[in-house]
Amino acid sequence: MPPRILQTSAEPAALLPDRFQAWFAARGWSPRAHQLALLEKAREDASALLIAPTGAGKTLAGFLPTLVELSAPSLIRDARAKKNLVSTGRSVQRSGGLHTLYISPLKALAVDIARNLERPIAEMALPIKVETRTGDTPVSRRQRQRRYPPDVLLTTPEQLALLLSSDDAPFLFSSLKRIVLDELHALVTSKRGDLLSLGLARLWRLAPQMRAIGLSATVAEPDQLARFLVPQPDGREAAADIVVAGGAAPPVVEMLDTREQLPWAGHSARHALPEIYELIKANKTTLVFVNTRSQAEMLFQNLWSMNDDGLAIALHHGSLDVAQRRKVEDAMSAGRLRGVVCTSSLDLGVDWGDVDLVVNIGAPKGSSRLMQRIGRANHRLDEASRAVLVPANRFEVLECRVAIDAIAENAQDTPPLRLGALDVLAQHMLGCACAEPFFSDELYGEVRTAAPYANLSRQDFDDVVDFVASGGYALKTYERFARIKQDKEGRWRVANPKVRQSYRLNVGTIVEDDMLKVRLVRSRGGGTGSTGVIARGGRLLGEIEEAFIEGLSPGDTFVFSGEVVRYETLVEDQVYVSRAHDRDPKVPSYMGGKFPLSTYLAERVRRLLDDGRAWGGLPEQVRDWLSLQKDVSRVPAVRELLVESFPRANKHYLVCYPFEGRLAHQTLGMLLTRRLERARARPLGFVANEYAVAIWGLGDLSFMIRDGRIDLNALFDPDMLGDDLEAWLAESALMKRTFRNCAIISGLIARRHTGEEKSRRQVLFSTDLVYDVLRKHQADHILLRAARADAATGLLDLRRLGDMLIRIKGRITHRELDRVSPLAVPVMLEIGRESVYGEAADELLAEAADELVKEAMDRSG
């Protein structure tokens with residue numbers, strides 16, 4: 001039965017106790033309909049999903065049922081508490097035990113919610129104890145929380161997994177009445193969501209009286225989220241009730257129509273720096289979002305260099321030291337900052353005070369993500385959030401335009417609910433064994449109550465059991481991979497105490513690149529290209545990828561934590577840097593923070609290109625660019641693939657425009673290059689951006705297409721995802737990297753041990769060795785299957801590429817040109833720019849652009 005979309009007609013007096021009504025009235029507030037609706041759902045003992053925009057009071061709505069219930073403990077609650085104490089047989093001093101568990105995707109959000117909850121609790125003098133539990137919580141407090149739990153515990157998916165793996169989990173959760181899942185839309189799209197869903201399945205068994213409240217921004221398919229919140233009965237679907245908040249003012253979103261010349265490529269938006277600075281200057285508090293951490297570092301540095309007014313501008317991203325991040329967050333909440341340059345680290349619902357403008361640098365990549373960012377401005381439901389989009393190049397203008405139109409229509413592009421990953425199931429299975437021995441049949445039934453695993457086959461489940469018990473057929477002879485064993489009763493239990501210890505050190509699904517601590521010290525002597533003796537210690541600036549530091553030599557400079565620093569030396573896991581004042585530093589090339597263009601926005605971009613009448617809403621520079629493309633070649637239609645071929649500088653080029661995102665395009669480029677090699681076209685390389693793929697080689701591609709030696713329909717046939725893909729993957733380092741992540745998540749390879757952490761090289765050696773063994777002796781091993789599934793939806797984006805190849809089958813249009821086309825200029829500028837950093841990249845890009853644009857525009861002969 002589909003979930004109902006609900007509001008309530010009940011009067012506040014019927015649902016809110018007097019002291020709560022007085023508290024609302026003292027602030028000049030009235031409880032909103034959706035807040036009362038959640039109270040009503042709680043009275044009906046039902047789970048509910050609240051869909052509401054930022055500023056709608058989602059968090060208060062989620063906690064109101066808990067605050068009301070705990071404000072005057074009922075006889076029912078007292079009776080439940082006594083029953084729990086008797087059943088556990090423990091003598092402890094507590095009242096009703098843990099009542100509500102709150103799960104947040106961010107540690108900062110859990111801490112912020114705790115701070116915000118304390119205010120109404122204190123002002124209404126409620127007898128409620130609230131605590132947080134994150135990776136930063138002291139061990140002594142964590143131990144106390146398990147023995148004497150608070151009324152409300154705010155934590156993360158990883159900490160929930162740790163709590164469930166303890167033998168006292170039945171005691172801790174026996175009194176649990178409610179679980180609140182915040183920013184649910186952000187949790188369910190990754191393996192963290194898989195881990196959380198399995199944790200929910202375990203909680204439903206330990207606390208069958210528990211009900212769930214999900215808090216989410218607007219999503220494309222709310223009924224899928226509603227299924228996530230409740231146990232799925234065997235063979236049937238169940239869903240929580242859905243409450244939708246109304247009355248939100250539509251956001252005001254504009255695109256910067258720059259006075260400067262729009263770049264043809266690049267992502268820095270340096271052309272608009274003065275205009276961005278003026279926006280910060282003209283508003284009280286501005287959040288400036290970028291898509292990568294390296295962009296954040298460079299933009300902050302550029303804004304600071306032009307900050308003649310002394311505006312308080314700060315930097316915030318996930319690699320900065322936690323103390324520095326908290327300092328920025330506190331200053332924002334207190335209204336002391338005029339601007340903050342940030343990444344997705346501030347996407348989610350932390351209350352940052354009175355932000356009155358959001359500036360998004362570059363294309364948003366998805367309308368739902370953009371809506372989340374825009375919601376950071378004006379945390380009030382009845383006032384419009386304001387945002388300005390700053391496209392960094394001409395293609396991004398198209399993307400920004402369709403994103404603004406999508407927001408005006410309230411169109412969403414959140415991805416569908418995931419299928420549960422097998423490597424995550426392996427980790428959870430080991431956690432269950434750490435808590436208590438289990439029977440396979442019972443655990444299989446429990447796991448299938450989790451929505452992502454509702455259709456898990458018994459064969460896949462048994463394969464995971466075998467993997468956790470032995471490593472799988474090909475690894476059975478290695479004792480180290482046997483982590484659980486079966487007792488005489490048929491229950492699976494941990495093989496030895498070290499397994500339990502290893503699980504608790506390595507729980508979680510986030511596998512980041514190896515990070516090194518960056519410390520600022522004072523250099524003693526030395527000059528450019530050489531360093532003097534340095535003093536140990538120094539202020540901790542944050543963390544940076546080991547792979548980036550490996551590419552530096554002492555004396556090299558880069559931007560980090562908003563400063564230009566000089567690399568001095570590396571000692572164990574500590575990078576020592578000193579202050580530098582170079583004008584052309586290198587920039588950290590962080591792995592995190594790159595988003596692919598969403599399928600939905602890609603479709604809208606293609607429709608915009610196909611509708612010449614819609615070009616009137618674009619800046620003049622972009623209209624002229626598209627009009628010239630139409631004159632000299634063709635602008636691709638919605639379902640069509642345009643392929644252009646042309647000579648340039650003793651090489652021959654083939655450029656196609658699928659508009660399916662960088663990940664799918666990189667895979668397409670690899671596969672096309674292999675096919676062109678077989679056709680003896682002598683390809684030399686390829687580049688890809690979000691919109692196009694360019695391949696170049698020595699063979700005359702235009703002639704070979706004209707002569708029939710290259711059949712474009714055969715070249716782009718979907719069968720490239722068969723043998724060609726398998727042959728490429730067999731020799732690709734990319735699959736090894738994907739497998740490595742799965743091996744770490746599944747617990748097969750432990751990165752952390754007591755008192756030590758495996759080095760990057762040790763992990764590489766271990767996982768690469770296992771990968772080669774499994775490919776040779778057990779090709780259907782669950783980790784290889786998990787790695788292929790990850791590649792299909794992640795780094796390779798195979799599903800999206802397959803859909804594109806089917807879409808364009810029989811609809812390929814070829815244009816043979818005598819030189820580069822206007823539409824090809826941006827992707828051509830990607831050639832050779834990957835290894836160039838900082839301002840030098842912008843300058844080289846500008847020079848190359850001038851040359852290419854001159855060629856594209858010159859049609860005289």
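Here are three short exercises, with worked solutions, on helix packing and salt bridges in this predicted model.

**Exercise 1.** Describe how helix 11 and helix 19 pack, and which residues make the contact.

*Solution.* Start with the geometry: two packed helices are described by the angle between their axes and the distance between the axes. For helix 11 (residues 191–206) and helix 19 (residues 440–447), the angle is about 115° and the axes lie 9 Å apart. Angles of 65 to 115 degrees count as roughly perpendicular, and helix 11 and helix 19 are therefore roughly perpendicular to each other. Next, find the contact: helix 11 brings Leu 198, Ala 201, Arg 202 and Arg 205, while helix 19 brings Leu 443, Glu 446 and Val 447. Sorted by type, these residues give four nonpolar, no polar and three charged.

**Exercise 2.** Work out where the partners of the Glu 131 and Arg 144 salt bridge sit, and whether each is buried or exposed.

*Solution.* First, the closest N and O atoms of this pair are 3.1 Å apart. Then locate the partners: Glu 131 belongs to strand 4 (residues 130–133) and Arg 144 to helix 7 (residues 139–147), 13 residues apart. Lastly, check accessibility: buried means under 20%, so Glu 131, at 10%, is buried. Arg 144, at 26%, is partly exposed.

**Exercise 3.** Explain how Arg 401 and Asp 405 are placed along helix 17.

*Solution.* Begin with the salt bridge, whose closest N and O atoms are 3.1 Å apart. Now count along helix 17 (residues 394–408): the partners are four residues apart, which means a separation of about one helical turn. To finish, Asp 405 is partly exposed, at 30% relative accessibility.

Terms used:
Residues numbered from 1 in each chain as written. Predicted model: local features only at pLDDT ≥ 70, side-chain atom pairs only at ≥ 80, totals over all residues. Heavy atoms only, no water. Axes fitted to C-alpha atoms, helices over the stretch in contact; angles between N-to-C directions. Helix = DSSP H or I, 4+ residues; strand = E, 2+ residues; numbered from the N terminus. Parallel < 35°, antiparallel > 145°, perpendicular 65-115°, else oblique. Contact = heavy atoms within 4.5 Å. Nonpolar A, V, L, I, M, F, W, Y, C, P; charged D, E, K, R; others polar. Salt bridge = Lys/Arg side-chain N within 4 Å of Asp/Glu carboxyl O. Buried < 20%, exposed > 50% of the residue type's maximum accessible area, 1.4 Å probe, protein only.
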